[in-house]
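Here are my notes on the model you sent. They run from the pocket to the cysteines, then to two single residues.

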Amino acid sequence: MTVVGIDVSKSKSMVAAMKPGGKLVAAPYEVRHSDIELSHLALDVLCMEPDTRVVMEATGRYHEPVAAQLHSAGIFVSILNPLLIKQSGAGSLRKVKSDPKDALKIAKYGLDNWSTLREYTPMEAIRQQLKLCARQCDLYNKSIVMLTNNLISLSDKTFPGVNELFSSPEKADGHLKWVDFYRTFWHCDCINRMSPDTFGERYQKWCKRKGYHFSADAADALYAASCGLYTTLPRDNNARLLVTVAADQLIALRENQSKLEAEMLNLCKQLPEYETVMAMYGVGKSTGPHLMAELGDIRRFPHRSSIVAFAGVDPGVVGSGKMQLSSVATSKRGSPQLRKALFQVVSTYVKCKPENEAVYQFYTKKRDEGKPFFVCTTAAANKFLRIYYARVKECLNAAESATQVEEG
């Protein structure tokens, strides 16, 4: 048997091939990520003995072209977590960090763990697009929080408390009423220098133009809230520029985020497990697509505990000799985006208290045992993932069987 270890970087990779006993088949050499050189790499691997496997680390997006090219050539490819390679140590006490040494280390790890290597399978196009949209949406969420806090900070200087005057829900296009209102009435003097009747008429026209519900009582309350406020920025062009630019940035980002969420929902509807996932308690139009994006095809997990470890909500174990810790933090080795979606789902169980749901019953059982809140929520997330695994796997297997019957 032969293992080809590949240390992947952004535009090139270092390749080394090794047999058992440390015998080098190919000394480390460099391969650039071009179509010609990757094709030559695939031919080199195919020219080796039939029982040859390629092992590489998961390095964000950099490893994808190499893995896809080799897999399409019919080569066994295994993608490993870099932590596994790091913890292995490659049987050496010396700390050496270079691309050739890393390629040899990866090849040696593949030989030592030959029987446990799992073959790489390219992600379906829909699932890959869904995951990319989910990651972009998560990035936009962080920026939206930052820009929202910035706009509230500016409002404290020109119209204190304006963000607390509205309770309207978010519109389908991502607009918030208080942001649109503050974008137009950017200073409290823009209101209190008018008469109440004049403001009421202007506010009514504004609501009609923006598509919001108008209420005369709400107009009176807004006018009263704008009076008597102390502001630290005067009503001038500089303050107006600061507010309008910040509001425009936030509105544009929220609009783009709403488009991404709509696209994620459309992609999810093309997956066979969509109805099954969305029917689960606590899963909504926001959390459902994120769960499907991060978990992908769950048939790649051999058993239900694997999906729990993938999410990083598996309980840790620390013990040596007579010392056995009873409370250990979770591993948190998996996707933080997945753990966030799971926490949102479990929060729905905690708030709504559905007595007939197995996840909530498990949560209350842990609470009755005197466990802390975060321990209980983590245990509930663990329970939810196991139920998710069972239901979705059954759904996917049924869909695959139906497809085979139709083709047969």
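1. Pocket volume. The largest pocket holds about 2000 Å³ of space. Keep in mind that this is a predicted model.

2. Pocket lining. Which residues lie nearest the centre of the largest pocket? They are A58, I79, R118, R300 and F310, out of 47 lining residues. By class, the lining has 19 nonpolar, 15 polar and 13 charged residues.

3. Elements around the pocket. Seen by secondary structure, at least two lining residues come from each of helix 2 (64–72), strand 5 (76–80), helix 3 (82–88) and helix 5 (125–158). The same holds for helix 12 (287–295), helix 13 (304–311) and helix 14 (336–352).

4. Cysteines. How many disulfides does the structure hold? The count is zero. C133 is in no disulfide, and its nearest cysteine sulfur, in C137, is 8.6 Å away. The cut-off for a disulfide is 2.5 Å between sulfur atoms. C133 counts as buried, because its relative accessibility is 14%, and buried means under 20%.

5. C227. Why is C227 not bonded to C188? The sulfur of C188 is the closest cysteine sulfur to that of C227, but at 8.6 Å it is too far for a bond. C227 has a relative accessible area of 35%, so C227 is partly exposed. Partly exposed covers the range between the buried limit of 20% and the exposed limit of 50%.

6. S335, setting. S335 sits in the loop between strand 7 (323–324) and helix 14. Is S335 buried or exposed? S335 has 8% relative accessibility and therefore counts as buried.

7. S335, partners. The side chain of S335 makes a polar contact of 3.1 Å with the side chain of E294. A polar contact of 3.0 Å links the side chains of S335 and Q337. Leaving out residues up to four places away in sequence, S335 touches R135, E294, F310 and A311. F310 is also among the residues nearest the centre of the largest pocket.

8. P20. This residue lies in the loop between strand 2 (12–19) and strand 3 (23–32). P20 is partly exposed, because its relative accessible area is 46%. Residues up to four places away in sequence aside, P20 touches M1 and L111.

9. P20 against S335. How far apart are the C-alpha atoms of P20 and S335? The separation is 34 Å, with the two positions 315 residues apart along the chain by numbering. To recap the pair, S335 is buried, whereas P20 is partly exposed.

How values were computed
Residues are numbered from 1 along each chain as its sequence is written. This is a predicted model: local features need pLDDT of at least 70, side-chain atom pairs count only at pLDDT 80 or more; totals for chains, interfaces and linings use all residues. Side-chain values use heavy atoms; hydrogens and water are left out. On a 1 Å grid over the protein atoms alone, a cavity is a set of points where a 1.4 Å probe fits but cannot get out, and a pocket is an open set with protein on both sides within 12 Å along at least five of seven lines; lining residues have an atom within 4 Å of a point. Grid points are joined across faces, edges and corners, and a volume is the space filled by probe spheres set on the points. Helices (H or I, at least four residues) and strands (E, at least two) are DSSP runs, numbered from the N terminus. Ala, Val, Leu, Ile, Met, Phe, Trp, Tyr, Cys and Pro count as nonpolar, Asp, Glu, Lys and Arg as charged, and the others, Gly among them, as polar. Buried means under 20% relative accessible area, exposed over 50%, partly exposed in between (1.4 Å probe, protein chains only). A polar contact is a pair of N or O atoms within 3.5 Å; within protein, one must be able to donate a hydrogen and the other to accept it, and residues adjacent in sequence count only if both atoms are side-chain atoms. Contact means heavy atoms within 4.5 Å.
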